[in-house]
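I opened my notebook to look through this structure one entry at a time. Here is what I looked up, in the order I looked it up.

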Amino acid sequence: MAKVLAVLSSGYANEEHNYVTGWWAEELFAPIAELEKAGHAVELASIKGGKPVVDPLSLNKAYDPEGKYKKLYDSGIADKTTPVVDVKASDYDAIMIVGGHGAMFDLAHDSDLHAVINIVHETNGIVSAVCHGPAPLVFTKTKEGQPLLQGLNVTGYPNDMEPEELESLLPFSLEDEMSKIGQYDKGEGQEGFVIWGSDRLLTGRDPGSSEAFGRELAKKLTELEAHPLDK
């Protein structure tokens with residue numbers, strides 16, 4: 001059984017524009033289902049700890065028509081998270097950064113999270129992120145001072161999927177920032193698009209890629225358990 005640390009945004013609010021965001025429900029719950037089905041364990045962390053703010057849009061019928069993610073959220077399984085600063089990164093075989101626009105505000109530039117990501121990476125764990133989750137990976141640098149994503153094949157939420165009304169509220173363009181340092185691919189015309197940038201770096205494009213993302217991560221962790229010398 002591998003241990004995975006799922007990191008969520010604690011949330012962000014812009015009262016002037018009546019804008020509230022946080023982590024995206026499908027991007028946590030769909031990968032967790034795949035990981036647990038494969039026998040792996042998932043623990044949760046966020047910047048502030050405690051109950052992180054879910055993006056309310058991710059629980060409405062437009063994005064959760066069957067209400068299955070709302071039911072999981074209402075069950076309270078995402079109510080308790082460890083503050084990132086208190087995480088012992090070496091305890092985990094993988095880190096999974098959950099998307100939602102909130103990741104661009106509080107996860108992206110958090111130095112404690114960058115440190116956790118680097119430890120997982122340096123100890124041959126898997127670094128993974130879905131949708132807006134790659135935001136902190138963009139700004140993480142290795143101990144040699146190089147961008148973690150330098151030259152690697154990556155994906156994340158593309159510009160042409162961003163709602164126009166949010167463009168002026170977001171701190172940066174994820175696609176633009178990823179393109180500066182990595183080989184960005186939005187998987188034009190493909191569903192459930194995920195990319196292995198290396199055998200230890202996995203990124204997924206959007207909420208609809210969450211299940212495939214979780215399945216790929218679970219498969220790799222199972223392979224590493226079967227062949228521990230490969231880690």
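**Entry 1: a word to settle.** Before anything else I wrote down that a residue is called buried when its relative accessible area is under 20%, exposed when it is over 50%, and partly exposed in between. I tried this on R200: its relative accessibility is 9%, so R200 counts as buried. I also noted that the model is predicted.

**Entry 2: R200 and its partner.** I looked for what R200 meets and found a salt bridge between its side chain and that of D199, 3.4 Å from N to O. Is D199 buried or partly exposed? D199 has a relative accessibility of 45%, so I put it down as partly exposed. While on salt bridges, I saw that D160, K186 and E188 are joined into one network by bridges that share partners.

**Entry 3: the whole chain.** I stepped back and counted 7 helices and 11 strands in the protein chain. The radius of gyration is 16 Å, close to the 17 Å that the globule rule gives for 231 residues, so the chain is as compact as a globular protein of that length. Along its principal axes, the C-alpha trace spans about 50 × 40 × 40 Å. I then checked burial, and buried residues make up 54% of the 231 residues. For contacts with a separation of 6 or more, I found that 76% are between residues 24 or more positions apart.

**Entry 4: the core.** How many residues does the largest nonpolar core have? I found 68, and W23, L28, I95, M96 and L217 are those with the most contacts inside it. I reminded myself that in soluble globular proteins nonpolar side chains tend to be buried together. I picked L28 for a closer look: leaving aside neighbours within four places in sequence, L28 is in contact with A6, L8, W23, L44, A78, M96 and V98.

**Entry 5: L5.** Next I went to strand β1, where L5 is found. L5 has a relative accessible area of 2%, so I noted it as buried. Not counting residues up to four places away in sequence, L5 touches E43, L44, A45, V87, Y92, A94, I95, M96 and V116. I also looked up the spacing to P134, which is 129 residues from L5 along the chain, and their C-alpha atoms are separated by 15 Å.

**Entry 6: K3.** I stayed with strand β1 and turned to K3, whose side chain meets that of E43 in a salt bridge, 3.7 Å from N to O. This pair links distant parts of the chain, with K3 in strand β1 (residues 3-8) and E43 in strand β4 (residues 41-46), 40 residues apart. I wrote both down as partly exposed, with K3 at a relative accessible area of 25% and E43 at 35% relative accessibility. K3 also lies over the face of Y92, at 5.0 Å from the ring centre. I found another such placement at W196, where the charged end of K220 sits over the ring, 5.2 Å from its centre.

**Entry 7: more salt bridges.** How many salt bridges does a search of the whole structure find? The search gives 11. One of them joins D79 and K51, with the closest N and O atoms 3.9 Å apart. This pair links distant parts too: D79 is in the loop between α2 (68-74) and β5 (82-83), K51 is in the loop between β4 and α2, and they are 28 residues apart. D79 is partly exposed, with a relative accessible area of 25%.

**Entry 8: rings.** I ended with the aromatic pairs, and the structure holds 6. The rings of Y12 and Y19 have centres 6.4 Å apart and planes at 65°, so I logged that pair as edge-to-face. Y12 is partly exposed at 27% relative accessible area, whereas Y19 is buried at 9%. Why is the pair of Y12 and F105 stacked? Their ring centres are 3.7 Å apart and their planes are at 5°, so the pair is stacked. Y12 lies in strand β2 (residues 12-14) and F105 in helix α3 (residues 102-107), so the pair ties together parts that are 93 residues apart in sequence. F105 counts as partly exposed, at 21% relative accessibility. My last note is that ring pairs link Y12, Y19 and F105 into a cluster.

Key:
Residues numbered from 1 in each chain as written. Predicted model: local features only at pLDDT ≥ 70, side-chain atom pairs only at ≥ 80, totals over all residues. Heavy atoms only, no water. Core = buried A, V, L, I, M, F, W, Y, C linked by side-chain atoms within 4.5 Å. Buried < 20%, exposed > 50% of the residue type's maximum accessible area, 1.4 Å probe, protein only. Contact = heavy atoms within 4.5 Å. Phe/Tyr/Trp six-rings, centres within 6.5 Å; stacked < 30°, edge-to-face > 60°. Helix = DSSP H or I, 4+ residues; strand = E, 2+ residues; numbered from the N terminus. Lys NZ or Arg CZ within 6 Å of the ring centre and 35° of its normal. Salt bridge = Lys/Arg side-chain N within 4 Å of Asp/Glu carboxyl O. Rg over C-alpha atoms; globule rule 2.2 N^0.38 Å.
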